[in-house]
Amino acid sequence: MRRQYLPPTALKTWADLNNIERNGVTVAPTLKGRGLGVLTTAEGLQNEAVLITVPLHLVLSLENVWIYAKSDQHLKQVLDSVGEYSQSARGAILIFLLMQITHSALAESERIGVSSALTEYVKFLPPVVPLPTFWSGEERALAAGTSLEAALESKLKSLDREFTNLHESTASIGWCWKYWWSTDTGILSFDDWKQVDAMYRSRALDLPGTGHAMVPYVDMANHASGEATTALYDTDADGNAILILREGKTPQVGDEVSITYGDDKGACEMLFSYGFIEDTGTSARELFLELDIPDDDPLKLAKKAVSNSAPGFKLASRDGSVRWEGDFVWLICTNEEDGLDFRLLQTTDGKKELRVFWKDDEIQDLSNLRALLEKERLWDVFHLRAVTTLQERVAQQLMALERSRVSTDLFKARVDGSTSPYQAILLLRKQEEKLMTQAYEEFEEKVWFESGPLATRDG
């Protein structure tokens, strides 16, 4: 679909017309070559000064999408047709964004939907969002051995399912068939769906009191972590979105006003959602590795049926050491002979439901399994099983990373090594290798200690 764009120079006029208040700041090209950003234009900005105020009706949230739908029958048709998907902030906002670019792409006499201030704002969003979902197959292959590999594969499959569901849900709507799906007149492609997903993922804020939303003008602020973050986003008493100067910050004229996209987010998540890794970071911070239940586990199917946690575990660098978390691990490490049991019980409405038990006591929440195991005399045995499982999985990932090194080097030899995807993935590989190597060494120390003479607990 051919999008329409407005030049950045027109953003000031758009903000004035829509009553976006700015106090000593403007959106302009940054000196650091990071594209557009929020820059200061006045001296003497004080602690916690409100820099930007965006009226409530311009905040693109779940609630506001449905408010817009009250006066836009085409938008409402699509929201209703996809069912539960449009009840989430992400689902509703992606559909809203798709409607805006469809409206602008059609000839004026054929336009569907209702034009609003946000229709124009979407035209200011960049034509290219450098997220991994747009990488070529060869570029995606560079992620082999990193946690991005599985995340990216899963994301592309998820986007494909969403797009297929959108097609199946709206193909019977006349105008949707004509402008989206018809082989003769349809203009919608999977790439368009990836575009609106990228718009949302790279700009959505977790706005206090509102939830996940896109906030025009504020979302032009770039990322900086730690003390380099100069401003915070919030909601005022009237529901307007505001950008506030952090306490102790005194920017000079021309300085960039930055927000944080999440100081605790790992290098993989930053690259996955925003298309870059912070160049000041030396650690991957955290990463997620998938785990599967062994095929020879007789309870595999039952465990997968009752598990509601992510099938894997997270490694995180904290205070110089590596910590891990993952409820799924404890499910893998316990068996029937330990006391784990599954029973098919009949519910009050006559249906049958699989329930999980630990030594005849039902486990209502599987996140409590570790706490139950900690009370057992054989806790050290369960813990050793978990650590051994983690160590083996980390070793597998490190070997996968090493095996893919040759293809990464070959890619560099054939292309300009300074290209953005290559540099970003190279940095991710180095940071994740460092984190996993440290994790493996710490797990090795725990295995040695816990399998030694002090490993068994006394009663």
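**Exercise 1. Which residue in strand 11 is the bridge partner of Phe288? Use the answer to work out how the sheet of strands 10, 11 and 12 is put together.**

Keep in mind that you're looking at a predicted model.

*Step 1.* Start with Phe288: the bridge partner in strand 11 is Lys314. Strand 10 and strand 11 are joined by five bridges and pair in the antiparallel sense.

*Step 2.* Now stay with Lys314 and look towards strand 12. There, Lys314 has Glu325 as its bridge partner. Leu315 also has an opposite number in strand 12, namely Trp324. Strand 11 (residues 312–318) and strand 12 run antiparallel, with five bridges between them.

*Step 3.* Put the pieces together. You get an open sheet of three strands, ordered 10-11-12, with antiparallel pairing. Strand 10 (286–290) and strand 12 (321–325) are the edge strands, and each pairs on one side only. On average, neighbouring strands here are turned by 25 degrees against each other, if you ignore direction.

*Step 4.* Finish with the hairpin of strand 11 and strand 12. Two residues lie between the strands, and Asp319 takes a positive phi near 55 degrees.

**Exercise 2. Which strands stand at the edges of the sheet with the order 13-14-15, and why is one side of each left without a neighbour?**

*Step 1.* Read the order: this is another three-stranded open sheet, and its pairing is antiparallel.

*Step 2.* Count partners. Strand 13 (340–346) and strand 15 (361–362) each have a single partner strand, so they are the edges, and one side of each has no neighbour in the sheet.

*Step 3.* Zoom in on one pairing. Strand 14 (residues 352–358) runs antiparallel to strand 15, and two bridges join them. Here Phe357 stands opposite Glu362 of strand 15.

A bit of background helps: strands of a sheet pair through backbone hydrogen bonds, in either a parallel or an antiparallel way.

**Exercise 3. At roughly what angle do the axes of helix 4 and helix 9 cross? Describe the contact too.**

*Step 1.* Find the helices: helix 4 covers residues 89–105 and helix 9 covers residues 190–203. Their axes come within 9 Å and cross at roughly 120 degrees.

*Step 2.* Name the angle. A crossing of that kind makes helix 4 oblique to helix 9. As for handedness, helix 4 passes helix 9 in a right-handed crossing.

*Step 3.* List who touches whom. Helix 4 brings Ala89, Arg90, Ile93, Leu94, Leu97, Leu98 and Ile101, while helix 9 brings Trp193, Val196, Asp197, Met199 and Tyr200. Sort these residues and you get ten nonpolar, no polar and two charged.

**Exercise 4. Which residues make the contact between helix 3 and helix 8?**

*Step 1.* Begin with the geometry. The axes of helix 3 (residues 73–81) and helix 8 (residues 174–181) come within 11 Å, crossing at roughly 90 degrees. That puts helix 3 roughly perpendicular to helix 8.

*Step 2.* Pick out the residues: His74, Gln77 and Val78 come from helix 3, and Trp175, Cys176 and Trp180 from helix 8.

*Step 3.* Sort them as before: four are nonpolar, two are polar and none is charged.

**Exercise 5. Is the ring pair of Trp14 and Tyr121 stacked, tilted or edge-to-face?**

*Step 1.* Know what to look for: the distance of the centres and the angle of the planes describe a pair of aromatic rings. The count for this model comes to 15 aromatic pairs.

*Step 2.* Apply this to Trp14 and Tyr121. Their ring centres are 5.1 Å apart and their planes stand at 35 degrees, so the pair is tilted. Stacked would need planes under 30 degrees apart, and edge-to-face over 60.

*Step 3.* Place the pair in the chain. Trp14 sits in helix 1 (residues 11–17) and Tyr121 in helix 5 (residues 117–122), so the pair links distant parts of the chain, 107 residues apart.

Notes
Residues numbered from 1 in each chain as written. Predicted model: local features only at pLDDT ≥ 70, side-chain atom pairs only at ≥ 80, totals over all residues. Heavy atoms only, no water. Pairing = 2+ DSSP bridges. Helix = DSSP H or I, 4+ residues; strand = E, 2+ residues; numbered from the N terminus. Axes fitted to C-alpha atoms, helices over the stretch in contact; angles between N-to-C directions. Parallel < 35°, antiparallel > 145°, perpendicular 65-115°, else oblique. Left-handed = near helix turned anticlockwise from the far one by under 90°. Contact = heavy atoms within 4.5 Å. Nonpolar A, V, L, I, M, F, W, Y, C, P; charged D, E, K, R; others polar. Phe/Tyr/Trp six-rings, centres within 6.5 Å; stacked < 30°, edge-to-face > 60°.
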